[in-house]
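The exercises below are meant to be worked through with the sequence and the coordinates open side by side. Each one sets a task and then follows with a solution in steps.

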Amino acid sequence: MNLQVRDIDAGTAEEAAAPLMGNEAIARGAWEAGVRVAAAYPGTPSTEIMESLGEYPASDLYAEWSTNEKVALDVAIGAALSGVRAMASMKHVGLNVASDSLMSQSYIGVHGGLVLVVCDDPGIHSSQNEQDTRLFARFANVPILEPSDAQEAHDFTKLAFEISEQFDTPVIVRSTTRLSHTRSAVRIGPRVEQAPKGFVDTPSKTVTIPANARRLHPKVVAREAKLAQYFETSPLTVWEKGDRTVGIITGSTAYLYVKEVAPNASILKLGASYPLPEQAIRAFAGSVDRLLVVEELEPVMENEIKAMGIAAEGKVFFPRIGELSPELVRSGLAAAGLMDAPAPAISLDIEPMARPPVLCAGCPHTASYLALRGVDARVAGDIGCYTLAAVEPLRSIDTTVCMGASIANAVGMAAAGETKPIVATIGDSTFLHSGIAPLVDAVYNKADITVVLLDNSITAMTGGQDHPGTGRTLRGEATHKVDYETICRAVGVEWVRKVDPYDIGHLYQTLREAIVHKGVSVVISSRPCVLDPVKIKGTPLAVAAAGCVACQSCMNLGCPSITWTEDMFEGHHKVQIDPATCIGCTLCAQVCPTDCIQPVTQ
């Protein structure tokens with residue numbers, strides 16, 4: 001095999017090194033490749049890609065926050081079919097939303113290069129699952145590139161546009177949390193403008209009615225074979241010759257762990273995990289005594305290699321769950337009998353302090369969930385920082401499935417005969433993402449539910465990105481601001497009320513009235529996020545210790561500014577407020593039965 005190796009020279013005179021996060025490197029690679037249209041919905045660990053692209057000149061490219069991931073991909077598809085290079089980015093669960101478009105676009109192909117960047121979350125740091133995007137690539141019959149570090153994130157993104165245009169296919173670039181958020185020196189270069197090709201009027205290719213799709217599908221199968229042949233000698237496929245006792249096939253960030261733990265092993269690094277270069281794999285397997293596959297999450301490459309009739313081992317030694325690490329790779333190789341077991345970790349007799357996740361001090365969602373707990377409702381939750389209300393002390397969310405599921409879940413609960421009051425809670429960005437359609441369904445099918453729309457005027461969970469309800473675009477330009485009450489009434493909701501969650505009395509009363517109403521009712525709990533776009537800081541509150549009866553009412557808010565003191569009252573600890581973190585929201589003062597919480601006076 002005449003495999004190429006990765007270029008590791010110092011770069012050309014036009015190149016310079018810059019310390020970039022993996023996501024910033026992806027954005028830079030797209031910009032250098034001449035991308036003209038980019039769209040995304042924010043989601044950790046992918047968010048910084050579009051934030052970074054939004055910092056490049058508007059004259060170079062159009063960049064937007066889309067209402068959801070499918071819209072983002074559809075925007076990119078429209079641009080690619082119009083003859084310019086386009087990119088969409090999202091996290092792994094966002095690909096679920098965009099998959100309908102991806103499946104069809106695999107048949108259609110591209111005109112300008114079309115790249116889809118998907119960031120997986122092994123270890124489930126900020127997601128509801130840890131699905132493996134490589135399975136989606138195989139499902140959709142589109143190639144997937146897997147960089148292992150920030151430099152490759154930059155380089156592979158540029159190459160992805162070339163592959164897309166050469167083979168007339170969308171291309172997925174897969175990152176992971178560790179790669180997206182790592183930072184290292186990256187050789188960067190100038191932007192290479194790509195002349196727009198214009199729209200090519202070929203309905204037989206771009207209109208996927210059954211008659212056309214039947215003709216296109218064989219081309220997809222043939223394309224797969226051509227891509228596999230391309231990867232045989234591509235610089236993405238690297239054979240590092242070493243000890244012939246064992247050969248390791250790996251890729252993505254797992255490659256770095258393998259290099260650290262077994263630097264002398266023979267390694268076949270696959271920068272593209274679909275389609276696999278079968279000839280290169282056979283040649284590599286034949287050169288070693290034993291073959292192992294080291295990959296995170298599912299045994300995607302392992303199963304494909306075994307299907308070739310090649311003896312390989314992998315997940316019998318390495319976990320399918322969570323992130324890999326040098327320690328886990330070392331343990332796996334030790335279990336395979338290839339090296340000594342790692343020394344037992346030193347046991348330190350230290351009990352780490354428990355730090356459960358909580359909502360921010362003064363978060364407007366706190367009062368909304370406190371009220372829901374007070375009315376003993378069955379609550380279908382959604383995706384956002386407010387999901388933290390599922391744990392103590394608020395403990396007022398019963399289900400959380402995925403983005404936009406809460407309202408339809410509530411409809412199902414009502415249809416099943418749930419006897420408690422049924423409430424769906426959903427954030428403003430999530431409502432626009434995928435909450436409007438289920439609200440239409442609820443009205444159409446006359447569901448007896450209450451929807452609490454938690455409007456904090458930002459996409460808070462992912463760091464404060466704008467959306468159609470903020471009145472600002474990705475680049476901070478003023479634009480139309482969605483009116484939630486108008487939307488709710490337009491789809492047929494007759495009972496709609498807007499409340500300030502800092503007014504607890506009014507909030508409780510409004511919620512009770514909403515629950516009593518027969519049919520769909522909507523309570524819009526509206527108060528800006530206390531952190532984004534600016535950090536809110538009002539006059540802090542303090543506890544008059546003499547009046548505190550240790551009733552714990554304020555502790556039920558779960559506010560991180562409120563803690564116990566050593567002082568006791570009838571066997572229970574009194575409380576105190578940290579003036580440095582308190583923002584003066586007054587929620588604790590409103591629930592205090594002894595009126596001993598007051599603003600700090602100068």
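A residue is called buried when its relative accessible area is under 20%, exposed when that area is over 50%, and partly exposed in between. The model used throughout is a predicted one.

**Exercise 1. Backbone outliers and accessibility**

Task: classify Arg-395 and Glu-570 by relative accessible area, and state what is notable about the phi angle of each.

Solution. Begin with Arg-395, which is placed in the loop between β14 (378-381) and β15 (399-400). Its relative accessible area is 39%, so Arg-395 is partly exposed. Although Arg-395 is not a glycine, its phi is positive, at about 35°.

Next take Glu-570, which belongs to the loop between β21 (562-569) and β22 (572-577). With a relative accessible area of 68%, Glu-570 is exposed. Here too the residue is not a glycine, and yet Glu-570 has a positive phi of about 50°.

**Exercise 2. A loop residue and a helix residue**

Task: decide whether Thr-419 is buried or exposed, and do likewise for His-92.

Solution. Thr-419 is located in the loop between α15 (406-415) and β16 (422-427), and its relative accessible area of 75% makes it exposed. For its position relative to Ala-377, use the C-alpha atoms: the two residues are 42 residues apart along the chain, and these atoms are separated by 9.5 Å.

His-92, by contrast, is part of helix α4 (residues 92-108), and at 0% relative accessibility it counts as buried. The residues that His-92 touches, leaving aside those up to four places away in sequence, include Val-118, Cys-119, Asp-120, Asp-121 and Thr-133.

**Exercise 3. Two helix pairs**

Task: describe how α3 packs with α4, and how α1 packs with α6.

Solution. For helix α3 (residues 69-81) and α4, the angle is about 25° and the axes are 7 Å apart. Angles under 35 degrees count as roughly parallel, and α3 and α4 are therefore roughly parallel to each other. The handedness comes next: α3 passes α4 in a right-handed crossing. The contact involves, among others, Leu-73, Ile-77 and Leu-81 from α3, and Val-97, Leu-102 and Ile-108 from α4.

For helix α1 (residues 22-32) and α6, the packing angle is about 30°, and the axes lie 7 Å apart. By this angle, α1 is roughly parallel to α6. The crossing of α1 and α6 is right-handed. Among the residues that meet are Ala-25, Ile-26 and Gly-29 in α1, with Ala-153, Thr-157 and Phe-161 in α6.

**Exercise 4. Rings and charges**

Task: which residues do ring pairs link into a cluster with Phe-167?

Solution. A pair of aromatic rings is described by the distance of the centres and the angle of the planes. There are 6 aromatic pairs in the count. One of them joins Phe-167 and Tyr-230, with 5.3 Å from centre to centre and 65° between the planes, which is an edge-to-face arrangement. Phe-167 lies in helix α6 (residues 150-167) and Tyr-230 in helix α9 (residues 210-232), so the pair ties together parts that are 63 residues apart in sequence. Tyr-230 also pairs edge-to-face with Phe-231, at 5.3 Å centre to centre and 65° between the planes. Ring pairs thus link Phe-167 with Tyr-230 and Phe-231 in a cluster. As for accessibility, Phe-167 and Tyr-230 are buried, and Phe-231 is buried as well.

Charges over rings complete the exercise. The charged end of Lys-241 sits over the ring of Trp-239, at 5.1 Å from the ring centre, while Arg-497 lies over the face of Trp-495, at 4.2 Å from the ring centre.

**Exercise 5. Cis peptide bonds and the end of a helix**

Task: in which loops are Pro-45 and Pro-533, and which residue follows α13?

Solution. The Thr-44 to Pro-45 peptide bond is cis, with omega near 15°, and Pro-45 sits in the loop between β2 (37-40) and α2 (47-53). The bond from Asp-532 to Pro-533 is likewise cis, with omega near 0°, and Pro-533 occurs in the loop between β19 (521-526) and β20 (541-543).

In helix α13 (residues 326-335), the buried residues include Val-329 and Leu-333, and the cover over the buried residues of α13 includes β10 (243-250), α10 (252-261) and β13 (291-294). Gly-337, with a positive phi near 80°, follows α13.

Note on methods:
Residues are numbered from 1 along each chain as its sequence is written. This is a predicted model: local features need pLDDT of at least 70, side-chain atom pairs count only at pLDDT 80 or more; totals for chains, interfaces and linings use all residues. Side-chain values use heavy atoms; hydrogens and water are left out. Helices (H or I, at least four residues) and strands (E, at least two) are DSSP runs, numbered from the N terminus. Buried means under 20% relative accessible area, exposed over 50%, partly exposed in between (1.4 Å probe, protein chains only). Contact means heavy atoms within 4.5 Å. Rings of Phe, Tyr and Trp (its six-membered ring) pair if their centres lie within 6.5 Å; planes under 30 degrees apart count as stacked, over 60 as edge-to-face and the rest as tilted. A charge sits over a ring if NZ of Lys or CZ of Arg is within 6 Å of the ring centre and within 35 degrees of the ring normal. Axes are lines fitted to C-alpha atoms, for helices over the stretch in contact, and angles run from 0 to 180 degrees between N-to-C directions. Angles under 35 degrees count as roughly parallel, over 145 as roughly antiparallel, 65 to 115 as roughly perpendicular and the rest as oblique. A crossing is left-handed if the near helix is turned anticlockwise from the far one by less than a right angle, and right-handed if clockwise.
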